[in-house]
Amino acid sequence: METTSCACVISICYLRDGALAEDAAQETFVRAWRSREDFRGASSEKTWLTSIAVNVCRNMLRSPWHSRRVDLEILERVPAEEREAVDDTVIRVVLGLPGKYREVVVLYYYQDCSTAEIAQALELPQGTVSIRLKRARERLKPALKEWYYAEY
């Protein structure tokens, strides 16, 4: 189900911890279920669920018990032989972006949301989303230059 995937991807990119991401995804669906009658249809279900997931993750990050770790613990838990088989360069660089850039990149490229949907989900002007995407691309290009861009 596309909406399930959306909530899970957002949660893991925000929280960078598999267990916390599972909790956040579950909380997202509980909140969506409880407020299903309040859904007016002004946006798509995907956008509505995305905004709930973003808010759940933000609340978890604000909670006093959560220590903000800036590491890639999730990827490090993958056994070495599996890490070698998968090129995780792009996801590592994306996860290394500051939060405001990371969230728009994940929603745009990994969840196929339009800038209008992202703006609605994050409660930002569409121009802000476009600028963040542009700046994120500027940060990604040099980091991925040797991985993706071939110089001749």
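**Salt bridges, cores and helix α7**

The side chains of Glu103 and Arg132 come together in a salt bridge, with an N to O distance of 3.6 Å. Because Glu103 belongs to helix α7 and Arg132 to helix α9, this pair ties together parts of the chain that are 29 residues apart in sequence. The structure described here is a predicted model. Both partners fall under the 20% limit for a buried residue: Glu103 is buried, with a relative accessible area of 9%, and Arg132, at 18% relative accessibility, also counts as buried.

In total, the structure holds 3 salt bridges. Another of them sits within helix α9, where the side chains of Glu138 and Lys134 meet at 2.8 Å, N to O. These two residues are 4 residues apart, or about one turn of the helix. Glu138 is partly exposed, with a relative accessible area of 45%, and Lys134 is likewise partly exposed, at 46%.

A further salt bridge joins the side chains of Arg31 and Glu27, at 2.9 Å from N to O. Here the setting is helix α2, which covers residues 18-34; being 4 residues apart in this helix, Arg31 and Glu27 are separated by about one helical turn. An α-helix has 3.6 residues a turn, so residues three or four places apart point the same way. Arg31 counts as partly exposed, at 32% relative accessibility, and Glu27 is partly exposed too, with a relative accessible area of 29%.

Attention now turns to the nonpolar interior. The largest nonpolar core has 17 residues, and those that touch the most other members are Leu97, Val104, Val105, Ile118, Leu122 and Leu140. Helices α7 (99-110), α8 (115-122) and α9 (126-143) each supply at least two residues of this core. Of the contributors, α7 gives the most, with 5 residues. Which residues does Leu140 contact, leaving aside its neighbours within four places in sequence? The partners of Leu140 are Val93, Val94, Leu97 and Val105. A second, separate core is made of 8 residues, including Leu20, Ala24, Cys57 and Met60.

Helix α7 deserves a description of its own. The buried residues of α7 are Tyr101, Arg102, Glu103, Val104, Val105, Val106 and Leu107. Within this buried run are Val104 and Val105, which are also among the core residues that touch the most other members, and Glu103, the residue in α7 that pairs with Arg132 of α9. How far apart are the end C-alpha atoms of α7? They are 15 Å apart, which agrees with the 16 Å that the 12 residues of α7 should span at 1.5 Å a residue. After α7 comes Asp112, whose phi is positive, near 55°.

On the other side of this helix, the loop between α6 (89-95) and α7 contains Pro98. Pro98 counts as partly exposed, because its relative accessibility is 33%. Although Pro98 and Ala136 are 38 residues apart along the chain, their C-alpha atoms are separated by 8.9 Å.

Methods
Residues are numbered from 1 along each chain as its sequence is written. This is a predicted model: local features need pLDDT of at least 70, side-chain atom pairs count only at pLDDT 80 or more; totals for chains, interfaces and linings use all residues. Side-chain values use heavy atoms; hydrogens and water are left out. A nonpolar core is a set of buried Ala, Val, Leu, Ile, Met, Phe, Trp, Tyr and Cys residues joined through side-chain atoms within 4.5 Å. Buried means under 20% relative accessible area, exposed over 50%, partly exposed in between (1.4 Å probe, protein chains only). Contact means heavy atoms within 4.5 Å. The expected span of a helix is 1.5 Å times one less than its number of residues. A salt bridge is a side-chain nitrogen of Lys or Arg within 4 Å of a carboxyl oxygen of Asp or Glu.
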